[in-house]
Amino acid sequence: MPYAKLTTESELPPTNEVKEFPCGDKMICVANVDGKISALDNVCLHHGGPLGQGVIQKGKVVCPWHGWAYDAQTGALESNPTVKVAVYPIKVEEGQVLVDI
């Protein structure tokens, strides 16, 4: 599938924060971990919590509902790395943030 516009560069979350954005029929969690931007599925695998409403702690995206923590680059669950949320390719071109979902 081709890249789709997610947001503008100016709307990206500040360093060490997350934010959620709609993209088609999905909600995408965008994480800024130490200046590195990544896009993940916004649904926590535990009880479906919105990852984009969570926080960054120790370099991980932490679900606001029950504290499950995911690696923003790989989507791996901190407590069981074989369990993962989807991570999507993301790029910035001419101020536009694009994601490949």
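Let me start in the middle of the fold, where strands β2 and β3 run antiparallel and are joined by 7 bridges. What we are looking at is a predicted model, so please take everything I say this morning as a description of that model. Within this pair, E17 stands opposite N32 in β3, and the hairpin that connects β2 and β3 has 2 residues between the strands, with G24 taking a positive phi near 65°.

If we carry on along the chain, strand β3, residues 26-33, is also joined to strand β4, residues 36-41, again in the antiparallel sense, this time by 6 bridges. Here N32 comes up once more, since its bridge partner in β4 is I37, while on the β2 side N32 has E17 opposite. The hairpin of β3 and β4 likewise has 2 residues between the strands, and in it D34 takes a positive phi near 55°.

Putting these pairs together, we arrive at an open sheet of 4 strands with antiparallel pairing, whose order is β2-β3-β4-β10. Its edge strands are β2, residues 17-23, and β10, residues 87-88, each of which pairs on one side only. As a general reminder, the strands of a sheet pair through backbone hydrogen bonds, and they may do so in a parallel or an antiparallel way.

Now to the other sheet I would like to show, which is an open one of 3 strands, in the order β1-β12-β11 and with antiparallel pairing. The edges in this case are β1, residues 4-8, and β11, residues 90-93, each pairing on one side only, and the twist from one strand to the next averages 35°. Between β1 and strand β12, which covers residues 96-99, there are 4 bridges, and the two run antiparallel; one position to look for on the screen is T8, which stands opposite Q96 in β12.

There is also a short pairing further along, between strand β8, residues 76-77, and strand β9, residues 80-84, which is antiparallel and rests on 2 bridges. A hairpin of 2 residues joins β8 to β9, and A76 is found opposite K84 in β9.

Stepping back to the whole chain, we count 12 strands and 0 helices. The chain has 101 residues, for which a compact globule would have a radius of gyration near 13 Å, and the 12 Å of this chain agrees with that. Along its principal axes, the C-alpha trace spans about 35 × 25 × 20 Å. Of the contacts with a separation of 6 or more, 41% are between residues 24 or more positions apart. As for the surface, the chain exposes about 5500 Å², with carbon and sulfur atoms supplying 50% of it, and 40% of the residues count as buried.

Which residues touch the most other members of the largest nonpolar core? They are A31, L40, L51 and V61, in a core of 14 residues. Strand β3 provides the largest share of this core, namely 3 residues, and β3 is itself mostly covered, with 6 of its 8 residues buried. Another core, of 10 residues, lies apart from the largest one, and among its members are L6, L12, C23 and A39. To return to V61, its contacts, leaving aside residues up to four places away in sequence, include V18, C29, A31, L40 and L51, and also W68 and Y70.

I would like to finish with two backbone details. Most residues other than glycine have a negative phi. N16, although it is not a glycine, has a positive phi of about 60°, and it lies in the loop between β1 and β2. D34 is the other one I picked out, with a positive phi of about 55° although it, too, is not a glycine, and its place is in the loop between β3 and β4.

Are these two residues buried, partly exposed or exposed? N16 has a relative accessibility of 32% and therefore counts as partly exposed, whereas D34, with a relative accessible area of 62%, is exposed. The cut-off that matters for D34 is 50%, because exposed means over that value.

Definitions and conventions. Residues numbered from 1 in each chain as written. Predicted model: local features only at pLDDT ≥ 70, side-chain atom pairs only at ≥ 80, totals over all residues. Heavy atoms only, no water. Pairing = 2+ DSSP bridges. Buried < 20%, exposed > 50% of the residue type's maximum accessible area, 1.4 Å probe, protein only. Core = buried A, V, L, I, M, F, W, Y, C linked by side-chain atoms within 4.5 Å. Contact = heavy atoms within 4.5 Å. Axes fitted to C-alpha atoms, helices over the stretch in contact; angles between N-to-C directions. Rg over C-alpha atoms; globule rule 2.2 N^0.38 Å. Areas by Shrake-Rupley, 256 points an atom, 1.4 Å probe, with all protein chains shown as cover.
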